[in-house]
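Reader: Hello! I am new to this structure and would love a close look at one part of it. Could you pick a spot and walk me through it slowly?

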Amino acid sequence: MAAFTMLTPWQATSLHYYNINICHYQNQNVYNNAKTIHKAKSSSSLLSYHPSPAFSSLSTLAKSNMPSTNFSTSGSKYSWLQDNSMHHDASIVSGLRRGPIYSVFPTKRAEVSSVLDLYEFICSGPLMDKVGLTPEKIAESIDKWLFYGSKLCRLFQLNELYLTIPQKARFYHYYIPVFEWCEEQISQHSSKFKDGEEIPPLVIGFSAPQGCGKTTLVFALDYLFRITGRKSATLSIDDFYLTAEGQAKLREENPGNALLELRGNAGSHDLPFSVETLTALSNLTKEGMKMKLPRYDKSAYNGRGDRADPSVWPEVEGPLTVVLFEGWMLGFKPLPTENVKDVDPQLEMVNKNLEAYYNAWDKFIKVWIVIKIQDPSCVYQWRLQAEIAMREAGKPGMSDEEVKDFVSRYLPAYKAYLPTLYSEGPSGSDPKRLLLIEIDEGRNPILCD
């Protein structure tokens with residue numbers, strides 16, 4: 001290993017993550033038995049499998065020469081890409097959707113001791129079966145997983161050799177497995193077209209309640225697509241909210257209906273604008289084709305919001321491979337009037353408005369990821385965390401009382417529409433192209449039927 005002593009810090013770190021699979025191969029007692037390693041999951045640990053001397057030396061070298069990273073200690077948000085060691089990804093990150101991203105990562109460090117430990121940890125993930133992963137597949141592509149994990153650590157400014165268990169779970173049990181599933185969906189989508197044909201981008205819909213981490217998930221996926229050479233675009237249903245003027249008109253047309261007083265429920269979106277935008281994105285199939293993506297400013301008008309000025313809208317260029325479209329009510333289906341009136345009489349108009357949403361949104365979505373929560377009351381606490389973080393960042397967010405009032409206007413829709421979404425899926429969705437992920441109060445995936 002003496003030959004490695006002349007490597008720069010970045011080269012040493014790169015070697016650690018790009019070539020770690022070579023060291024893994026060198027341990028014949030491990031790699032030759034990769035297909036049976038997963039059977040040891042029932043034991044207390046895999047520490048009886050010792051990494052090869054090559055891996056141990058290389059890991060030590062990478063630790064000692066690793067570029068410094070800023071480890072977030074806030075516990076509620078990250079400061080993005082301020083460390084000089086991350087300059088090599090700056091051009092990629094600059095194109096991503098910006099905004100506060102929130103997490104529940106504890107700050108206590110836990111050293112990643114070996115590739116074997118990480119391999120076992122990956123194989124224990126709750127999404128393995130759902131996304132079609134097996135221990136054999138993980139063993140064959142462990143270098144790729146390490147590469148993705150390294151990049152995510154840099155994106156979130158975490159030290160890749162000192163991840164906590166919750167941090168490891170977020171990356172290796174959630175973000176990367178979902179990314180692998182999306183990659184498979186893109187491959188299936190592309191296979192439907194002949195050589196030379198223009199392939200429209202695959203629109204993946206993310207339906208998840210407010211505050212449960214869907215924006216962070218989409219942020220991470222968008223980044224992984226970009227570093228692997230995919231051109232991607234991100235949209236939220238928030239980007240299609242009516243302007244402040246349009247919201248005022250909606251309020252005037254529905255006096256006394258608290259569910260339509262503020263943005264959020266069906267009826268508060270500019271549906272023609274969303275159809276125009278999604279259609280244009282679907283046609284972004286050639287080099288040189290460009291368009292701007294609309295954005296919404298939730299902090300405007302003391303938190304009531306308004307569409308952002310087009311001058312700050314990000315630009316995307318074709319040919320796009322994938323569009324990541326997320327929203328709290330994506331996939332909601334209108335129900336019989338008596339059903340929604342039993343939940344809340346004010347939902348009757350919302351339910352009627354919802355009839356137009358399939359043609360405006362859902363028909364564009366070919367693949368679905370539905371994030372399931374156990375109790376909609378979690379939304380209040382998650383939303384409160386987000387608003388507090390906005391205020392701490394110097395943006396005018398809602399007060400605690402305003403957050404409680406704001407969320408109360410969404411809860412009837414959750415109560416009415418989530419059971420059907422979870423049991424039947426969105427209208428027109430293909431069960432083979434729908435991934436249902438149940439999460440706990442900490443926003444982490446859990447095992448479910």
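Author: Happy to! Let us begin with a single residue: Arg443 has 4% relative accessibility, and because the cut-off for buried is under 20%, Arg443 counts as buried. Its place in the chain is the segment after strand S9, which covers residues 434–439. The backbone of Arg443 is worth a look too, as its phi is near 70°, a positive value in a residue other than glycine. Please keep in mind that this is a predicted model.

Gln157 makes a good companion to Arg443. Phi of Gln157 is near 55°, again a positive value in a residue that is not glycine. With a relative accessibility of 1%, Gln157 counts as buried. Where does Gln157 sit? You will find Gln157 in the loop between H9 and H10, and that loop leads us to the part I would like to show you closely.

Two packed helices are described by the angle between their axes and the distance between the axes. Helix H9 spans residues 142–155 and helix H10 spans residues 165–190; they pack at an angle of about 110°, and their axes are 11 Å apart. H9 and H10 are therefore roughly perpendicular to each other. The way H9 passes H10 is a right-handed crossing. On the H9 side, the contact is made by Lys144, Trp145, Tyr148, Gly149, Leu152 and Cys153, while H10 brings Phe171, Tyr172, Tyr175, Ile176, Pro177, Phe179 and Glu180. Sorted by class, this contact of H9 with H10 has ten nonpolar residues, one polar and two charged.

H9 has another partner to meet. Helix H11, residues 214–227, packs with H9 at an angle of about 120°, with the two axes 11 Å apart. That angle makes H9 oblique to H11. H9 and H11 also cross in a right-handed way. Here H9 contributes Phe147, Tyr148, Lys151, Leu152 and Leu155, and H11 contributes Phe219, Ala220, Tyr223, Leu224 and Ile227. By class, the contact of H9 with H11 has nine nonpolar residues, no polar ones and one charged. If you compare the lists, Tyr148 and Leu152 of H9 take part in the contact with H10 and also in the contact with H11.

One last stop for a curious eye is a backbone detail elsewhere in the chain. The peptide bond that runs from Gly318 to Pro319 is cis, with omega near -5°. Pro319 lies in the loop between strand S6 (315–317) and strand S7 (322–327).

Key: Residues numbered from 1 in each chain as written. Predicted model: local features only at pLDDT ≥ 70, side-chain atom pairs only at ≥ 80, totals over all residues. Heavy atoms only, no water. Axes fitted to C-alpha atoms, helices over the stretch in contact; angles between N-to-C directions. Helix = DSSP H or I, 4+ residues; strand = E, 2+ residues; numbered from the N terminus. Parallel < 35°, antiparallel > 145°, perpendicular 65-115°, else oblique. Left-handed = near helix turned anticlockwise from the far one by under 90°. Contact = heavy atoms within 4.5 Å. Nonpolar A, V, L, I, M, F, W, Y, C, P; charged D, E, K, R; others polar. Buried < 20%, exposed > 50% of the residue type's maximum accessible area, 1.4 Å probe, protein only.
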